Amino acid sequence: MQLALALAARGKGFTSPNPCVGAVVVKNGEVVGEGWHRAFGADHAEVMAINHAGDAARGADLFVTLEPCNHFGKTPPCTHKILRAGIRRVVAACPDPNPKAAGGLEFLAQNGVDVSCGLLQVEAETLIEDFLWYVRHHTPFVILSAPPLWTVALPLPRVTPSGSPVKNPGPSGMKSGARWMPSWWVPEPCMPTILL
Ligand SMILES: [Zn+2]
């Protein structure tokens with residue numbers, strides 16, 4: 001699973017709105033297939049790993065960082081590919097919280113595949129924490145920090161507490177080093193920065 005996580009990390013930042021996922025096919029203690037989700041619309045990690053393994057996938061174990069999908073999205077369900085390939089056992093790191101795609105492990109179990117979930121789950125969920133946040137809360141994942149030496153002004157609200165408008169210095173003002181501060185003033189060391 002460590003290898004699957006490392007493979008997943010290769011796709012980090014390229015797969016939105018999908019999460020980054022890695023998969024490894026193991027046969028008789030040897031890695032025979034590796035895959036990761038490279039970009040939205042591209043093959044899922046499981047498909048890439050199974051294709052890489054070829055005939056060796058039959059009777060093999062599949063380690064994957066996220067529960068295999070069980071729905072038709074941009075690509076067919078990975079669960080169907082796993083069954084066709086003859087994978088014997090699927091070990092997932094974490095369940096898929098997306099209700100549209102979830103149910104993959106249950107479907108595989110119903111079709112005779114040995115399944116388990118939870119191996120290195122914390123590591124896997126940390127890797128896709130932005131995706132998990134979005135699915136669970138339907139809002140973008142935002143990092144807030146409080147840098148001690150500089151600030152970034154937030155554009156809203158555009159009036160002071162007394163109601164008078166805050167003047168935007170415009171591009172020239174920004175170039176000269178001026179900062180457009182919001183109407184509610186926060187001591188610089190505590191000013192939040194938004195990193196998207
Ligand atoms: Zn899939």
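**A walk through the strands and the core**

Let me begin with one residue, T65, which has 31 C-beta neighbours inside 10 Å and therefore counts as buried. Please keep in mind throughout that what we are looking at is a predicted model. T65 lies in the loop between strand β3 and helix α3, and if we set aside residues up to four places away in sequence, T65 touches A4, L5, A8, V21, G22, A93 and A124. You can also find G118 on your screen, which is 53 residues away from T65 along the sequence, while the two C-alpha atoms are 9.4 Å apart in space.

With that residue as our landmark, let me step back to the whole protein, which has seven helices and seven strands. Reading from the N terminus on, the elements run α-β-β-α-β-α-β-α-β-α-α-β-α-β. There are 196 residues in the protein, and buried residues make up 32% of them. If we take the contacts in the protein with a separation of 6 or more, 63% of them are accounted for by residues 24 or more positions apart.

Now to the strands, where I would like to start from β3, residues 61–64, and ask which strands it pairs with. On one hand, β3 pairs with β4, residues 89–92, in the parallel sense and over four bridges; within this pairing F63 stands opposite V91, and V64 stands opposite A92. On the other hand, four bridges join β3 to β1, and here the two strands run antiparallel, with V24 having F63 as its bridge partner. F63 therefore appears in both pairings, facing V91 of β4 and serving as the partner of V24, by the way strands and their bridges are assigned here.

Moving onward from β4, we come to β5, residues 114–117, which pairs with β4 in the parallel sense over four bridges, and in which C117 is the bridge partner of A92. To get from β4 to β5 the chain crosses through helix α4, residues 104–110, and this β-α-β crossover is right-handed. A right-handed β-α-β unit is also made by β3, helix α3, residues 78–85, and β4.

Let me turn next to helix α2, residues 45–53, and ask how many of its nine residues are buried. Seven of them are, so the helix is largely enclosed by the rest of the structure. If you would like to pick them out yourselves, the buried ones are A45, E46, V47, M48, A49, I50 and A53. What covers these residues includes α1, β1, β2, β3 and α3. Just after the helix comes G54, whose phi is positive, near 65 degrees.

This brings me to the last topic, which is the largest nonpolar core, a set of 42 residues in which L62, V64 and V90 have the most contacts. The element that gives the most to this core is α2, with six residues. What does L62 touch, then, once we leave aside its neighbours within four places in sequence? L62 is in contact with A23, V25, E46, A49, I82, I87 and V90, and two of these names, E46 and A49, we have already met among the buried residues of α2.

Key:
Residues numbered from 1 in each chain as written. Predicted model: local features only at pLDDT ≥ 70, side-chain atom pairs only at ≥ 80, totals over all residues. Right-handed = clockwise from strand over helix to strand, strands pointing away. Buried ≥ 20, exposed ≤ 12 C-beta atoms within 10 Å, placed from the backbone. Contact = placed C-beta atoms within 7 Å. Core = buried A, V, L, I, M, F, W, Y, C linked by C-beta atoms within 7 Å.
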